[in-house]
Amino acid sequence: MRIATWNVNSVRSRIDRVEALLRRHDIDVLAVQETKAKDEQFPTMGLQALGYEVAMVGYNQWNGVAILSRVGLEDVKIGFPGMPGFGEPEAPEARAIGATCGGVRVWSLYVPNGRKPDDPHFHYKLRWLEALRASTEGWLQESPNLPLALVGDWNVAPFDDDVYDMKDFKNGTHVTPQERAAFFAFQDLGLSDVARPFTPGPDVYTYWDYFRKRFERNRGLRIDFVLGSGPFADRVTGAFIDTEERSGEGASDHAPLIVELREDQ
DNA sequence: ATGGTCGTTTCACGA
């Protein structure tokens, strides 16, 4: 079973690349972020023709997440209790959608960017991550044996090696102690970065800014992660970043991350 | 400190 995550940066402008990715890598479940599409705008027809069910949520040009699955799509949830604004109109801000696919609980996450460390959005980001942590703790207690994966664009670079040059982030987000602590709190719950052992650094990234030929110079960030619970991590047999997907005309600024799971025994 | 390039509900803003 192959589970992948990709910040697609507009699913409408890149649906051909999405479908090609699914075919190229034989992906069973794809978590998508930054769809920038309302539900009625989501290009589902070709995906359904390929055998995928689609669960999505989005309402504006910045956010929007989805899960595409050809191994079942059950118990879909939009957002999570405790998330800032949960339950208000448009409040999930289309940043989190969860579903059980082929016996695995998958959450597609688009963690708030934070903008600047002194911006209100930065505090919103920290509150959002803490709310996710608290919800995750509850999910693990309720279903300790259900493989759980929190996947997506975390907008946090946990280690200095995950940033092309720390000097460029002196007053920036993604690398602050608060963000890193919020990220590592998921490790304390027993989740782990299941892809890193198969994609060792340094200079291994999942995102490269469109500016200044950052991809061509491999000046990127590692901010997309698959964090798996114990029962999930135990089944991981491999992982890779499809760096090639970031190249050429019409690429997203993120590369897909693909994880291979052994079948349940 | 600023800029560079994308995508969108575009001559503005978020990433």
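What follows is a set of questions and replies on how features of this predicted model are assigned.

Me: What are the ground rules for the numbering and for the values?

Reply: Residues are numbered from 1 along each chain as its sequence is written, while chains are lettered from A and ligands numbered from 1 in the order in which they are written. Because the model is predicted, local features need pLDDT of at least 70 and side-chain atom pairs count only at pLDDT 80 or more, whereas totals for chains, interfaces and linings use all residues, and side-chain values use heavy atoms, with hydrogens and water left out.

Me: Why are the rings of Phe 183 and Phe 184 called edge-to-face?

Reply: Rings of Phe, Tyr and Trp (for Trp, its six-membered ring) pair if their centres lie within 6.5 Å, and planes under 30 degrees apart count as stacked, over 60 as edge-to-face and the rest as tilted. The centres of Phe 183 and Phe 184 are 5.8 Å apart and the planes stand at 75°, so this pair is edge-to-face. Both residues belong to one aromatic cluster, which also holds Trp 154, Phe 159, Phe 186 and Phe 225.

Me: What makes Phe 183 buried and Phe 184 partly exposed?

Reply: Buried means under 20% relative accessible area and exposed means over 50%, with partly exposed in between (1.4 Å probe, protein chains only). Phe 183 has a relative accessible area of 4%, so Phe 183 is buried, while Phe 184, with a relative accessible area of 23%, is therefore partly exposed.

Me: How many aromatic pairs does the ring rule give, and which parts of the chain does the pair of Phe 80 and Trp 139 link?

Reply: The rule yields eleven aromatic pairs. In one of them, Phe 80 and Trp 139 are edge-to-face, at 6.5 Å centre to centre and 85° between the planes. This pair links distant parts of the chain, since Phe 80 lies in the loop between β5 (74-78) and β6 (96-101) and Trp 139 in helix α3 (residues 120-142), 59 residues apart; helices (H or I, at least four residues) and strands (E, at least two) are DSSP runs, numbered from the N terminus. Phe 80 and Trp 139 are both buried.

Me: What makes β5 and β9 edge strands?

Reply: Two strands pair if DSSP finds at least two bridges between them. The open sheet of six strands has the order β5-β6-β7-β8-β10-β9, with mixed pairing. β5 and β9 (192-193) each have a single partner strand, so one side of each is left without a neighbour in the sheet.

Me: How do you know that β6 and β7 pair?

Reply: β6 and strand β7 (residues 104-110) are joined in the antiparallel sense over six bridges, against the required at least two bridges. Within this pairing, Thr 100 stands opposite Arg 105 in β7.

Me: Which strands stand at the edges of the sheet with the order β3-β4-β2-β1-β12-β11?

Reply: β3 (53-57) and β11 (236-241) each have a single partner strand, so one side of each is left without a neighbour in the sheet. Five bridges join β3 to strand β4 (residues 65-69) in an antiparallel run, where Met 56 stands opposite Ala 66 in β4. Five bridges also join β11 to β12, again antiparallel, with Ala 239 opposite Val 259 in β12.

Me: What makes β12 mostly covered?

Reply: Four of the five residues of β12 are buried. β12 also pairs with β1 in the antiparallel sense over four bridges, and Ala 4 stands opposite Ile 258 in β12.
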